[in-house]
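Student: Hi, I have a new structure open and I'd like to walk through it with you. Could you put it up for both of us?

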Amino acid sequence: MDFLRPTTWEEALAAKADRPEALPLQGGTDVMVEINFGVRRPEALLDLTRVAELREWSVADGVCRLGAGVSYTTVVEELGGALPGLAQASRTVGSPQIRNRGTVGGNLGAASPAGDSHPPLLAAGAVVEVESRDRGVRAIPVHAFYLGVKRPALEPDELIRAVRAGVAAGPQYFSKVGTRNAMVIAVCSFALALHPAERRAGTGIGSAGPTPLRATEAEDFLARELDWDAPPGAPLGAGLLRRFGELCAAAASPIDDVRGTAAYRRHAVAVMARRTLTWAWDDHVGRRAA
């Protein structure tokens, strides 16, 4: 196995163009486990951890841009205000050591249905920047980035450069069910983002289908049925909460596996949908009182 270790983005793009079979390493919290257990044996590893520009992030004109090498720890400590849903999800990832090493770009590249960053990125309407040496930059809406189980929408010579998402203009929440309370892969997960100025909502479902999913019918339902101008303290109706949960569960496409049954996952998605909507709504009407 060859080990390629560029120190600049240009060197990284050149290495990927010359060795398209090289497997990118951006944190290694998934890749190294697969190699250690013999699941993968790539011809070459392309280690991106020394490319400093990938660890940069910025906020400008209402958009937050995270380089592919931004760690979960950085998201938690520095981006909780701009991307609260992603920060909440990042707090649930592994141990402190894993959060220090793991990256949002690496999670995207792995494209696991259970990846914790995917639901909040879907709910926020994020865009993934990818680049190749010879064809330049592409911007892929995150909902189009997942083609199948662990199949990202990357060409063989492309690398993930960054992910962009609008700075939160409303409440964002993330919820996750696991077989224990910490350091666990998701049995299923759910994220919700409210965009009050646009009178719409975004959703993201994790570990309940072959890819991370949106519940588009549930989003349309909230856009129609929420009273976005409700006075402070106005509660949500039980019927609205129940119907939102049902639509989110219907959008899932889970399987039975060692972590949980399909029926349990659908039930859990409905529960998490109701809970996150309740939290987000209380936050929304609370802000109107401020």
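**Covered helix, sheets and cores**

Tutor: Let's begin with helix α4, whose buried residues are covered by elements including β5 (63-67), α3 (72-78), α5 (96-101), α6 (104-110), α7 (118-124) and β11 (172-177). Keep in mind as we go that this is a predicted model.

Student: How many of the residues of α4 are buried?

Tutor: Seven of its eight residues are, so to speak of α4 (residues 84-91) as mostly covered is fair. The buried ones are Pro-84, Gly-85, Leu-86, Ala-87, Gln-88, Ala-89 and Ser-90.

Student: Nice. Which residues have the most contacts inside the largest nonpolar core?

Tutor: Those are Leu-66, Val-104, Leu-108 and Phe-145, in a core of 40 residues. Leu-66 touches Glu-56, Trp-57, Val-75, Leu-79, Leu-83, Leu-86, Val-104, Ala-162 and Val-163, leaving out residues up to four places away in sequence. Leu-86 in that list is also one of the buried residues of α4. There is a second, separate core of 33 residues too, and Val-177, Val-187, Leu-192 and Cys-248 are among its members.

Student: I clicked on Asn-107. Buried or exposed?

Tutor: Asn-107 is buried, because its relative accessible area is 9% and the cut-off for buried is under 20%. Asn-107 lies in helix α6. Beyond four places in sequence, Asn-107 is in contact with Asp-30, Tyr-72, Gly-115, Asp-116, Ser-117 and His-118.

Student: Switching to sheets. What is the strand order in the one with β1?

Tutor: The order is β1-β3-β2, in an open sheet of three strands with parallel pairing. At the edges are β1 (2-4) and β2 (23-25), each of which pairs on one side only. On average, neighbouring strands are turned by 25° against each other, ignoring direction.

Student: And how many bridges join β2 to β3?

Tutor: Three bridges join β2 to β3 (residues 44-47). As an example to look up, Leu-23 has Leu-45 in β3 as its bridge partner.

Student: What about the sheet with β11?

Tutor: That one is also an open sheet of three strands, in the order β11-β12-β13, but its pairing is antiparallel. β11 and β13 (200-206) are the edge strands with a single partner each, so one side of each has no neighbour in the sheet. The twist from one strand to the next averages 10°.

Student: How many bridges hold β12 and β13 together?

Tutor: Seven bridges join them, and the two strands run antiparallel. Phe-190, for instance, is partnered by Ile-205 in β13.

Student: I see a histidine in β12 as well. Which residues does His-195 contact?

Tutor: Setting aside neighbours within four places in sequence, His-195 is in contact with Ala-123, Arg-200, Ala-201, Gly-202 and Trp-228. His-195 sits in strand β12 (residues 188-195). It counts as buried because its relative accessibility is 10%.

Student: Where is there a hairpin?

Tutor: Look at β6 and β7, which a hairpin joins through three residues. Strand β6 (residues 127-132) pairs with strand β7 (residues 136-141) over six bridges in the antiparallel sense. Within that pairing, Glu-131 stands opposite Val-137 in β7.

Student: Back to helices. How do α8 and α9 pack?

Tutor: α8 (residues 216-225) and α9 (residues 238-251) pack at an angle of about 160°, and their axes are 8 Å apart. They are therefore roughly antiparallel to each other, as an angle over 145 degrees counts that way.

Student: Which residues meet there?

Tutor: From α8 there are Glu-217, Ala-218, Phe-221, Leu-222 and Glu-225, and they meet Leu-240, Arg-243, Phe-244, Leu-247 and Cys-248 in α9. By type, the contact has seven nonpolar residues, three charged and no polar. You have met Cys-248 before, since the second core includes Cys-248.

Student: Last one: Arg-287. What does it touch?

Tutor: Ala-169, Gly-170 and Pro-171 are its contacts, once neighbours within four places in sequence are left aside. Arg-287 is in helix α10 (residues 262-289), and it is partly exposed, with a relative accessible area of 43%. If you want a distance to check on screen, Arg-287 and Ala-126 are 24 Å apart from C-alpha to C-alpha, with their positions 161 residues apart in sequence as the separation.

Note on methods. Residues are numbered from 1 along each chain as its sequence is written. This is a predicted model: local features need pLDDT of at least 70, side-chain atom pairs count only at pLDDT 80 or more; totals for chains, interfaces and linings use all residues. Side-chain values use heavy atoms; hydrogens and water are left out. Axes are lines fitted to C-alpha atoms, for helices over the stretch in contact, and angles run from 0 to 180 degrees between N-to-C directions. Helices (H or I, at least four residues) and strands (E, at least two) are DSSP runs, numbered from the N terminus. Angles under 35 degrees count as roughly parallel, over 145 as roughly antiparallel, 65 to 115 as roughly perpendicular and the rest as oblique. Contact means heavy atoms within 4.5 Å. Ala, Val, Leu, Ile, Met, Phe, Trp, Tyr, Cys and Pro count as nonpolar, Asp, Glu, Lys and Arg as charged, and the others, Gly among them, as polar. Two strands pair if DSSP finds at least two bridges between them. Buried means under 20% relative accessible area, exposed over 50%, partly exposed in between (1.4 Å probe, protein chains only). A nonpolar core is a set of buried Ala, Val, Leu, Ile, Met, Phe, Trp, Tyr and Cys residues joined through side-chain atoms within 4.5 Å.
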